[in-house]
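Grab your viewer and a coffee. Here are a few exercises, each with a worked solution to check yourself against.

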Amino acid sequence: MFNGLSAFPLTPLVQGEPDEKAFGALIETLVAAGVNSVGALGSTGSYAYLTREQRFAVTKLAVSAAAGVPVMTSIGSVNAEMILRLAEDAQKAGVKGLLLAPLSYQKLTADEVFRLYERVAGEISVPLCIYDNPATSGFEFTDELLVELSFLRNMGSIKLGDLPADLAGASARVAKLKSQVAKGVTIGISGDAQSAMGLLAGCDVWYSVLGGLFPYDALRLTQAALRGDVDETRQLNSALEPLWVFFRRHGSLRTIATVAELTGRVVAPCLPFPLQTLAGDERDALQATLAQLPLRAEG
């Protein structure tokens with residue numbers, strides 16, 4: 001399941017509770033588009049703001065609505081015992097993979113992170129994806145640690161949060177990682193504005209925020225990049241550059257949530273309090289940008 005396009009949808013909220021109807025509709029669109037997997041309750045899915053009970057309910061709904069498409073869900077928490085409970089819940093719900101970022105109030109050492117993944121990996125029965133997201137976790141993985149972790153049991157993929165800004169540098173890093181990680185562990189890219197380059201650099205999977213709302217567009221870009229069509233990939237990515245400007249300026253979550261509200265896919269406000277979608281001139285500018293982009297919400 002750790003190949004191609006893994007689409008990460010929002011978990012739309014209404015007064016702090018998941019909007020099951022809207023969430024189910026988002027998942028059904030992903031299934032209709034033919035995504036390779038669904039990343040429920042990633043950072044885009046606001047997992048860190050939800051209770052254990054809410055996360056279990058959303059995960060069960062995701063697996064049901066996905067109708068056989070593999071679902072991965074986040075088990076991140078600052079409490080290790082809670083991580084294991086969340087892993088148990090997710091597996092009970094029927095997920096095919098788990099996503100874990102090393103969250104902590106106190107900054108973790110590399111040894112502490114290794115021990116965390118070692119413990120979790122030893123107590124689960126589905127593959128685990130390492131979530132390298134220093135912007136939210138505060139922890140920066142070294143490539144040496146990623147390689148070491150890849151040899152733990154039940155490791156399935158590494159979700160990179162960043163790559164060198166040039167294609168040559170990105171390709172070199174990805175190639176080196178692929179030559180060193182355990183057999184069968186894939187390398188994925190997140191951070192949508194750099195994902196086209198990441199795929200061209202050799203990444204196996206795009207862990208995509210855009211794909212959670214516009215899977216047809218994300219799939220087209222993914223497929224072009226994975227078959228090595230550099231010209232088409234760059235053309236498709238360039239067409240999305242006006243949107244990537246907002247991703248860089250405001251972050252992917254606030255931007256894609258605003259897009260979902262503006263397009264009527266979710267009810268506003270959809271983010272967990274106190275997070276806010278874009279307002280004022282920036283919201284108007286994003287709406288004007290959307291009007292110029294040929295994004296496909298449906299097939």
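**Exercise 1: aromatic rings**

How many aromatic pairs does a search of the whole structure find? Then work out how Tyr-117 and Phe-141 are arranged.

Solution. The model is a predicted one, so everything here is computed from it.
- Step 1: the search turns up four aromatic pairs.
- Step 2: take Tyr-117 and Phe-141, whose ring centres are 6.1 Å apart with 70° between the planes. Pairing needs centres within 6.5 Å, and planes over 60 degrees apart count as edge-to-face, so this pair is edge-to-face.
- Step 3: place the two rings. Tyr-117 belongs to helix 4 (residues 110–121), while Phe-141 is in the loop between helix 5 (134–137) and helix 6 (143–150), so the pair ties together parts that are 24 residues apart in sequence.
- Step 4: bring in Phe-139. Its ring centre is 5.0 Å from that of Phe-141 and the planes are at 90°, so that pair is edge-to-face too.
- Step 5: put them together, and Tyr-117, Phe-139 and Phe-141 make one aromatic cluster.

Are Phe-139 and Phe-141 buried or exposed? The cut-off for buried is under 20% relative accessible area. Phe-139 has 7% relative accessibility, so it counts as buried, and Phe-141 at 9% is buried as well.

**Exercise 2: charges over rings**

Which ring does the charged end of Lys-60 sit over, and which one does Arg-249 take?

Solution.
- Step 1: the charged end of Lys-60 sits over the ring of Phe-56, 4.5 Å from its centre.
- Step 2: for Arg-249 the ring is that of Phe-246, with the charged end 5.3 Å from the centre.

**Exercise 3: the barrel**

Trace the strands that close into a barrel, then zoom in on one strand pair.

Solution.
- Step 1: eight strands close up in the order 1-4-5-6-7-8-9-10, with parallel pairing. From one strand to the next, the twist averages 25°.
- Step 2: pick strand 5 (residues 71–74) and strand 6 (residues 97–100), which run parallel and are joined by three bridges. Met-72 has Gly-97 as its bridge partner in strand 6, and Ser-74 has Leu-99.
- Step 3: sort the side directions in strand 6. Gly-97 and Leu-99 point one way, Leu-98 and Leu-100 the other, and all are buried.
- Step 4: add helices. Helix 2 (residues 52–66) lies across strand 4 (37–40) and strand 5, at about 165° to strand 5. Helix 9 (residues 215–226) lies across strand 1 (4–7) and strand 10 (205–208), at about 150° to strand 1.

**Exercise 4: a helix pair**

At what angle do helix 1 and helix 2 pack?

Solution.
- Step 1: helix 1 (residues 20–33) packs on helix 2 at about 40°, and the axes are 9 Å apart.
- Step 2: the contact includes Phe-23, Gly-24 and Ile-27 of helix 1, and Val-58, Leu-61 and Ala-62 of helix 2.
- Step 3: the crossing of helix 1 and helix 2 is right-handed.

**Exercise 5: backbone oddities**

Where are the cis peptide bonds joining Ala-268 to Pro-269 and Phe-273 to Pro-274, and what are their omegas?

Solution.
- Step 1: recall that most peptide bonds are trans and most residues other than glycine have a negative phi.
- Step 2: Ala-268 to Pro-269 is cis with omega near -5°, and Phe-273 to Pro-274 is cis with omega about 10°.
- Step 3: Pro-269 lies in the loop between helix 11 (252–262) and helix 12 (280–292), and Pro-274 is found in the loop between helix 11 and helix 12.

Terms used: Residues numbered from 1 in each chain as written. Predicted model: local features only at pLDDT ≥ 70, side-chain atom pairs only at ≥ 80, totals over all residues. Heavy atoms only, no water. Phe/Tyr/Trp six-rings, centres within 6.5 Å; stacked < 30°, edge-to-face > 60°. Helix = DSSP H or I, 4+ residues; strand = E, 2+ residues; numbered from the N terminus. Buried < 20%, exposed > 50% of the residue type's maximum accessible area, 1.4 Å probe, protein only. Lys NZ or Arg CZ within 6 Å of the ring centre and 35° of its normal. Pairing = 2+ DSSP bridges. Axes fitted to C-alpha atoms, helices over the stretch in contact; angles between N-to-C directions. Contact = heavy atoms within 4.5 Å. Left-handed = near helix turned anticlockwise from the far one by under 90°.
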